[in-house]
Amino acid sequence: MIDTHGSGAPAAHDDHHHPRLQHHFDSLEQQKESSTLGMWLFLVTEIMFFGGLFTVYVIYRYAYPKVFAASSHHLDVLWGGINTAVLICSSLTMALSIYAAQINKRKLIVVFLIATILLGATFLGIKTVEYMDKIKHHLVPGFGLHFAPDDPHLQGANGQHAQLFFSLYFIMTGLHALHMIIGIGVLSVLAVLAWKGRYDSSYYNPLECTGLYWHFVDIVWIFLFPLLYLLGAHAR
Amino acid sequence: MNPQLPLFPESASTLSPEVDALFIAWSAVSVFFTLLIACLILYFMVRYRRRSVDEVGLEEKSALWLEIAWSAIPLVIALAMFVWGTRVFFKLYRPPADAVEYYSVGKQWMWKFQHPDGHREINALHIPVGQPIKLKLTSEDVIHSFYVPAFRVKQDALPGRYTQVWFQATKPGTYHLFCAEYCGGEHSRMIGSIIVLEPRQYEEWLAGGPAGKSVVASGAELFNQLACQTCHVAAPNRPARGPALKGLFGSQVKIASGEMVIADDNYVRESILNPGTKLVAGYDPIMPTYQGQVSEEQLLQLISYIKSLAGDGGTQAPAEAPKP
Amino acid sequence: MAHHHDPKRTLLIYFAVFGALLIGTLLTVLAAKVDLGMMNDVVALGIAATKAMLVILFFMHVRDSTRMVALTAMGGFLWLAILIGITLLNYVTLETVLQVPGK
Amino acid sequence: MNDTGMTTTPADTTVLPGPETGYERPNYLNAAYGLRSWLLTRDHKRIAILYLISVTVFFAIGGLFALLIRLELLTPEGDMVQPDTYNRLFTMHGIVMVFFFLIPAIPAVLGNFLVPLMIGAKDLAFPKLNLASWYVYNVAGLFTLWSIAHGGVDTGWTFYTPFSTHYSNTYVISAALGIFISGFSSIFTGLNFIVTIHRMRAPGMTWFRLPLFIWSHYATSLIIVLGTPVVAVTILMVAAERVLHLGIFDPALGGDPVLFQHLFWFYSHPAVYIMILPAMGVVSELVAAFSRKPVFGYKVVAFASIGIAVLGFLVWGHHMFVAGESVYIATVFSVLSMLVAIPSAVKVFNWTATLYEGSVSYQTPMLYALGFIGLFTLGGLTGVMVATLGIDAHVHDTYFIVAHFHYIMVGGTIMGYMGGLHYWWPKITGKLYPAFLSRLAALLIFVGFNLTFFPQFILGYLGMPRRYWSYPPEFQVLNVLSTAGASILGVGYILPLFYFIWSMRYGKKSGDNPWGAVGLEWDTPSPPPTENFHTIPVVTHGPYEYNTKEVHDRTSPPEARVG
């Protein structure tokens, strides 16, 4: 069970006077458990949302394993690996900002939030570099661009199946990046509010919920990285 | 039956009585349970009607045996019907060995048919009574669905893939053909007729129209036109660069990944359109794609030609051998 | 809650998980370079699932949350497995019974 | 009288209502006035009213399309509208009715109003999210209305590829976007309900003291949360293929259009249970209240709701038996579809058994509930028929299917919705509607409904495909009957609109508990105060304690009852 009050937090009956307690809740504990559960339910919808894409990926990978492997050779494992590490670092800083709230170090919350934002921005920067590279090598299907890889393995009919791969690559990583951008926006607001001293060990629900979201986005990438970048890497 | 108000569809295939029997049995079950519930409700409504404003119902009696009974009985009925229904379904799907293959391509908004001897028709298909017919379906554009109510059969025609439906007509006549999958503007006009004739009449009908080449012969001609033989038939002075096609159809093929696949319609189709996908083990990926160069109907012709090379002693003897 | 325990221990756990995640990333890249056949996919997804589990349990505090939260998380992944599993089953079994040619 | 029975706390003795005093107690309706007080409200009861207005508008729009469809089908030749117009009519009818009426109707109106009241909470867990849900719903509706105003969409509500991605020349994107956005509104509602039911129950309100209405809304919310995102991302992929020309389901690239159908039905089949489960919850309440007896087999009915929600996710492939899915998987889907019928059947038997030795009254809501049981039975049984592989090959995509799902959605969901609205109308407004007129409307709806849709079963087995603008002449008589029924049905739906509006101003005061019903929502004044309960109730027993007569008499003295 959750003990929301922390070691030195006021006892339950004082909750009624807490400025952050909403009128329809009886206690801060009930409020916190509700927001955590609500956030997790939202993450379940996110799992199913990305799940639809993963399903399409699995089916086409099953149908066209060789083309998918050949296509994945055009993704840069180094950039992908670095980005994975960047996201893992950002997950750590996110967790630490909540830790800072729990030990009532208000300045430290802001520091770690800004670190998380910067790491997130780094991820997006690297992703942009990768996207530019794909455009340069004519590996973007649709968008009115000409899909024309110079790889002989991706010519002709294989090129059509490769378009399925790259369509999925751009939709999956694109939606992932969109989630990162939204996350960075929310974190920025939280950083300002934390700077104003809104959060401490007695109340930090928004930090906790945003943290859950941020870690979830990290988990999506943890699966995207091997599935998109490392497929058949041994045959390179 | 009153033609103004028909209440039951015409039955004109070997399997429609089986579907009807299943349907009537299920209808009887449905009517029974609906009436049972309706009568109970009406009886309880009258018998236990409220007699004074402050009356309340009697105490609840829990009855586990009742709960078990009315879970188990429907379950048994449903499972029995499932078994029955699945048997009928498998019969509807598995064509008999002597079924003759016809072809159909759906497009917005017409059905194109081709007889084994090459006769073509649009929105009408003449077939002989008593002959099991296997119809290979595909689509040029969106999804359509081949539906003949009198035969109780339906199968979607998908772009990029083959599906199949079979039937054996039991009495001569003209029956509705509908497109049952919504396909755009003129969906409700993508209709036609299945005209079932006595075998003799069917022969006469075939003789009457311009026969054209048989499907296999057209396929053989196309095979030459596209110069397929340069790679798929070994010349005296060099081995074939592509796998031999004689005896291929229906056999197990080992592909480059090491897997075994069955060389069926969809495999041959895919190998013509996307040769690299399931390359036969031991061959180089040198075959170009024929996507966009052959129509759906031509593909069907090529496939039946390759099928005719299977040489398993079937009814379709190999047509003229391609000249090397 | 994590802070319910000794704060130092919480920090220690965070950094241990962080280290494990980085090592996992390295492992998954290295494992992909070796040809293991079908096992490549199994290893890659196994490592990814382990990493995800670490994040969920420790960074996302599920280890210290109510049972309902843990159930919710599990439910999400279970339903994803249903979606992918049954759909894949359809494609694996597609056209194996109807189109046995020549029979 | 407002605070006894279910509670152990002493009664909060506010002034008793009485027509003679002329004093109106403070309630959620008179707490504040003006447009702002409504548009910025966070009160779940006011948001329910906002939703009531919105879904009524969309029901009227969808109904208008239905009327035009039926008029066109009066004659075999397509002679009233062009085929392209007809295709848009049935597409928009489907989209509006499914996504903007049937899915939100009961949860967002009745559920919103009653879930906190029934569990003894002051509000839903996330009131702002609740208000956001209504705004998101309306934004989604505007996208859909925009595409209607510009000529509509002709893909069918199912958006099958490749027609929707490459062939349709209509406003697919704005309509798809409307559905995508409306998904958020239902997720917000579902998520809110789950958290509320878990975390906001009054002291003593254990899981097995929850009304069955709550159980069914909990089950519905589970489906919403687990299913809706899948259709959202599927629609997004269709949009990406259509607008950005990325290939996802494109057969020309080796993509599979049937894969779209898998993803679509993974949500859209459970969506049927999103629509019917809340109606089942309503019917459980009605049958108990108007038999003054606990629902027979309470726990079985409660678990049946959860069972339907879970099993409902394992049957989506029965929409694709002849669409090119694997025969093996078709067999699996068929048997699972048989299984999901069992909990539904069990519910029907339990409701019927509830009447036994009850005190059955014929008030309007009960007429709807009993109508629901009969129609749902037939709709459910024909559902198992079409899940039978051998029959589905013939009736798939014919009017048999159309008739079957209208028995579930119109005969089930809308009957449940109307019954619930009539039952809780005094709770919502504190007013009574005319008894005779409302019974007449219920009768018209029942008769009109059967006349509309029963002939379609016959048409379907005869082989008339759905979505046909013209049809062979031998189908005409049955189509005329169906159109005749639809006009009776239309009158039946318009009547309540008038007498409900009339009753708000001229209706007799209902008192707090006109039906003599038990349940936490009747333990507080009608209409309820903004904070729902003057003191938070403490629950000591199950939801339908009618047979403990003194509990019942304390809850509602006979002189205050109309039942």
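## Helix 7 and the sheet it crosses

In this predicted model, helix 7 of chain B, spanning residues 296–308, lies across strand 1, strand 2 (110–114) and strand 5 of the same chain. The helix runs at about 160° to strand 1 of chain B.

These three strands belong to an open sheet of five strands in chain B, ordered 3-2-1-5-8 and mixed in its pairing. Its edges are formed by strand 3 (120–122) and strand 8 (163–168) of chain B, each of which pairs on one side only. Neighbouring strands of this sheet are turned by 25° against each other on average, direction ignored. Strand 1 (residues 100–107) and strand 5 (residues 132–139) of chain B are joined in the parallel sense over seven bridges. Within strand 5 of chain B, B:K136 is the residue opposite B:Y103.

## A further sheet in chain B

Another open sheet of five strands in chain B follows the order 4-10-9-6-7, with mixed pairing. Strand 4 (124–128) and strand 7 (153–157) of chain B are its edge strands, each pairing on one side only. From one strand to the next, the twist averages 20°.

Strand 6 (residues 144–148) and strand 7 of chain B pair in the antiparallel sense over five bridges. B:Y147 has B:K154, in strand 7 of chain B, as its bridge partner. Helix 3 (residues 199–208) of chain B packs on the sheet, where it touches strand 4 and strand 10 (192–197) of chain B. The direction of helix 3 makes about 130° with that of strand 4 of chain B.

## The largest nonpolar core

The largest nonpolar core contains 396 residues, and those with the most contacts inside it are D:I119, D:V283 and D:I373. Leaving aside neighbours within four places in sequence, D:V283 is in contact with D:W351, D:A369, D:F372, D:I373, D:G416 and D:G419.

Technical notes:
Residues numbered from 1 in each chain as written. Chains lettered and ligands numbered in written order. Predicted model: local features only at pLDDT ≥ 70, side-chain atom pairs only at ≥ 80, totals over all residues. Pairing = 2+ DSSP bridges. Helix = DSSP H or I, 4+ residues; strand = E, 2+ residues; numbered from the N terminus. Axes fitted to C-alpha atoms, helices over the stretch in contact; angles between N-to-C directions. Contact = placed C-beta atoms within 7 Å. Core = buried A, V, L, I, M, F, W, Y, C linked by C-beta atoms within 7 Å. Buried ≥ 20, exposed ≤ 12 C-beta atoms within 10 Å, placed from the backbone.
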